Each structure stands twice: as structure tokens, then as C-alpha cells.
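Here is a friendly walk through the metal and ligand sites of this protein. Keep the structure open and follow along as we go.

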Amino acid sequence: KAKELGKNRYEFYEKSMNEKMVLKHKMEDDIRRGLAEGEFILHYQPQLDYKSKKIIAVEALVRWNHCKKGLLSPMTFIGFAEDNGLITPLGEHILKVACTQSVYWESIGIKGIIMAVNISSKQFSNRNLVQNVQRIINETGMDPKRLKLEITESVAMESLETTMGIMTQLKEIGVSFSLDDFGTGYSSLSYLKALPIDQLKIDQHFIKNVTIKNYEQVMVGAIIDIAHSMGLKVVAEGIETSQQSKLLESMSCDIAQGYLFGKPMGAEAFVNLVYQSVEN
Ligand code: C2E
Ligand code: MG
Ligand code: MG
Ligand code: MG
């Protein structure tokens, strides 16, 4: 009986492995096709400076405008693209679109908006990352001072030495770095000190419960203080209520991002938002 059960399990396992393989290959082909057909688009979410009360940056967030499935969230395809190496061409496409958009906004008078682009730690294992970023900057005419790359501390897991080398070269080009999702991983203070980052983004899980006097509130306060003592700016991500926002401002948080100030939106909607905020 046990043997039979074992055999069934084996078959079940084998089948599901097979299905996974098929799904992976289908996905790979589909991502390639989507890239060729320009289905990967960017939405932009504003970041507000607490001091000036102005929009000082946007985060570019990729969506897949799939011909059959409609608009897909990055959660459904970034992982696949990381596993099959397509994150490199996809990442280049994203960076190119973001830089082109930024240069266009400058040309119509929307000036000085920082463009924050998410870079997967997998992109750090590509030897040509620095070259590719430099090429895209040259081709688009992007001012590297306006380009911020959002990385997570998992880049440090790749190989701290390689990562440091790449980051240092990118910093020399003029690009800056933001450490995304802070508080979710190891959140090692030694990474904060070792990596040449300019800014830290507190993960939205902390922001969710920040208004209740609890662990999250204590953590957020501590993170802000430590970041400031290291000369880093702090962004709070996932702010949905004015209560959360007021509390973060009172805790000396520098920059706010969240649905309260704007959901990720198309480029035209962002232009309208900027014009509206100038009128008011
Ligand atoms: P992330 O970089 O931490 O981006 C923030 C996510 O939080 C975005 O989800 C954004 O829409 C969402 N968000 C912002 N404000 C709020 C809020 O007030 N409430 C709630 N509930 N959510 C909020 P999104 O666009 O689905 O992206 C998810 C993740 O996918 C990103 O997390 C990032 O890790 C990855 N991703 C997105 N775009 C790219 C990209 O262009 N390249 C790479 N490599 N990864 C990307
Ligand atoms: Mg991000
Ligand atoms: Mg984040
Ligand atoms: Mg995230």
C-alpha cells in the first residue's frame, strides 16, 4: 500500500513538475513576444517632499498590457523574468522608457522631477549593467542626476564585492540609489553603511500599522533616526491615510509615497496632476 501511494505521489510530483516547466516556457515565449510588441508600459507614482509640499519624484512601475489578459501587475511576471534571464532586456526597456519620459517632461517644462526606477538584484549579475545604463543615458539624453535606482538589500546577497563595484561605477556616472522595502529582509545596519545609497524606503507593511502605538511605530521612528544619522533621506511608502501621513511628518520623514497622494498612473495623468497642483 505504501509503495502504491509512493508511486502515485511520484507521478503526481512528476506531472506537476512538467506542468510547471510548460508554464515556464510559455511564459518565457510570451514575455519575449510582449517585449517585441511593446506591451510593457510604465505607470508613475508621485513622491511628495514634506518640506516643500511639492512632487519631487516619481517611481516608475511596470505593467504588462497583455493583448489577451489585459493589464498585469509586476508580481505576475517579474519573478519569471528574473528566473529566465529576460529581466535584462525587460529592465533595459523599462529604463529606456523611464528616461525618455523624464527627458520629455523636462522639455515641456515639468522640471527637476527625479525618476526612480526599480532594478532587480538579478540585473546586478549581468556584467554589462553599467555599460547598458550609460548607453541608455546617452541615447535618451537623460540627466543622470535625475535618475535614482531602487534596489533591495538582496543585491548584497549576490556578492557584496561585485555589487559595491557596480554601484560605485554607477554613482560615478551620476546616478543615485534608494534602498527599497527596508525592514522586510535582513535590514542589516552594516549594509546601510557599506552600500553607497542616498535614500531609504521604509516598507509599506510598517506604514500600515504605524498609527497604533506598537512595534511598527517604534521601528519606524528608529529607522528614520538611524537613516538621518547616516545622512540618508527617508521615504515612507504605502501611505493611504492622512493620519499616517501626519504621524510620519511629525517623525521627520522626508518624502511620502502612497495612494493618499496618487496611485501609479499613466504619463498623461501625471502631467495633469502636476498642472493641477501648480494651479492650487
Ligand atoms: P515596490 O518597488 O516596493 O513598489 C511599490 C508597490 O507598492 C507598487 O506595487 C505600488 O503600486 C504599491 N503601492 C504604492 N502606494 C501604495 C499604497 O498606498 N497602498 C498599497 N496597498 N500599495 C501601494 P506594484 O506596482 O504592483 O509593484 C510591485 C513590485 O513589483 C514593486 O514593489 C517592485 O518590487 C516590482 N516592480 C514594479 N515595477 C518594476 C520594474 O520596473 N522593475 C523591477 N525590477 N521590479 C518592478
Ligand atoms: Mg520600488
Ligand atoms: Mg517598496
Ligand atoms: Mg515591494
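## Two magnesium ions and a shared aspartate

In this predicted model, the magnesium ion (ligand 3) lies 4.2 Å from the magnesium ion (ligand 2), and Asp180 coordinates both. If you want one residue to start from on screen, take Asp180, the bridge between these two ions.

## The site of ligand 2

Which protein donors does the magnesium ion (ligand 2) have? They are Glu59 (OE), Asn118 (OD1), Glu150 (OE) and Asp180 (OD), at 2.1 to 2.3 Å from the ion. Along the sequence, these donor residues follow the spacing E-x58-N-x31-E-x29-D. The site thus brings together distant parts of the chain: Asn118 belongs to strand E4 (residues 114–118) and Asp180 to strand E6, with their positions 62 residues apart in the numbering.

## The site of ligand 3

For the magnesium ion (ligand 3), the protein donors are Asp180 (OD), Asp181 (OD) and Glu237, which is listed twice through OE. Their distances from the ion run from 2.0 to 2.7 Å. The spacing of these donors along the chain is D-D-x55-E.

## Contacts to ligand 1

Now turn to ligand 1, where both aspartates of the previous section come up again. The side chain of Asp180 has an N or O atom 2.8 Å from an oxygen atom of ligand 1. For Asp181, a polar side-chain atom is 3.0 Å from an oxygen atom of the ligand. Tyr259 uses its backbone instead: a polar backbone atom there lies 2.8 Å from an oxygen atom of ligand 1. On its own, ligand 1 has 800 Å² of accessible area, and the protein covers 85% of that.

## The pocket and its shell

Where does ligand 1 sit? Its place is the largest pocket. The surroundings of ligand 1 comprise 21 residues, and those that come nearest are Arg63, Asp180, Gln204, Glu240 and Tyr259.

By character, the shell is made up of nine nonpolar, six polar and six charged residues. Among the contributors are strand E2 (55–66) and strand E6 (176–182), each supplying at least two shell residues. Strand E2 gives the largest share, with four residues.

Note on methods. Residues are numbered from 1 along each chain as its sequence is written. Chains are lettered from A and ligands numbered from 1 in the order in which they are written. This is a predicted model: local features need pLDDT of at least 70, side-chain atom pairs count only at pLDDT 80 or more; totals for chains, interfaces and linings use all residues. Side-chain values use heavy atoms; hydrogens and water are left out. A residue is near a molecule or strand if one of its heavy atoms lies within 4 Å of it. A polar contact is a pair of N or O atoms within 3.5 Å; within protein, one must be able to donate a hydrogen and the other to accept it, and residues adjacent in sequence count only if both atoms are side-chain atoms. Accessible areas come from the Shrake-Rupley method with a 1.4 Å probe; for residues, only the protein chains shown count as cover. On a 1 Å grid over the protein atoms alone, a cavity is a set of points where a 1.4 Å probe fits but cannot get out, and a pocket is an open set with protein on both sides within 12 Å along at least five of seven lines; lining residues have an atom within 4 Å of a point. A molecule sits in a cavity or pocket if more than half of its atoms lie within 2 Å of its grid points. Ala, Val, Leu, Ile, Met, Phe, Trp, Tyr, Cys and Pro count as nonpolar, Asp, Glu, Lys and Arg as charged, and the others, Gly among them, as polar. Donors are N, O and S atoms within 2.8 Å of the metal (3.2 Å for Na, K and Ca); water is not among the atoms, so sites may look incomplete.
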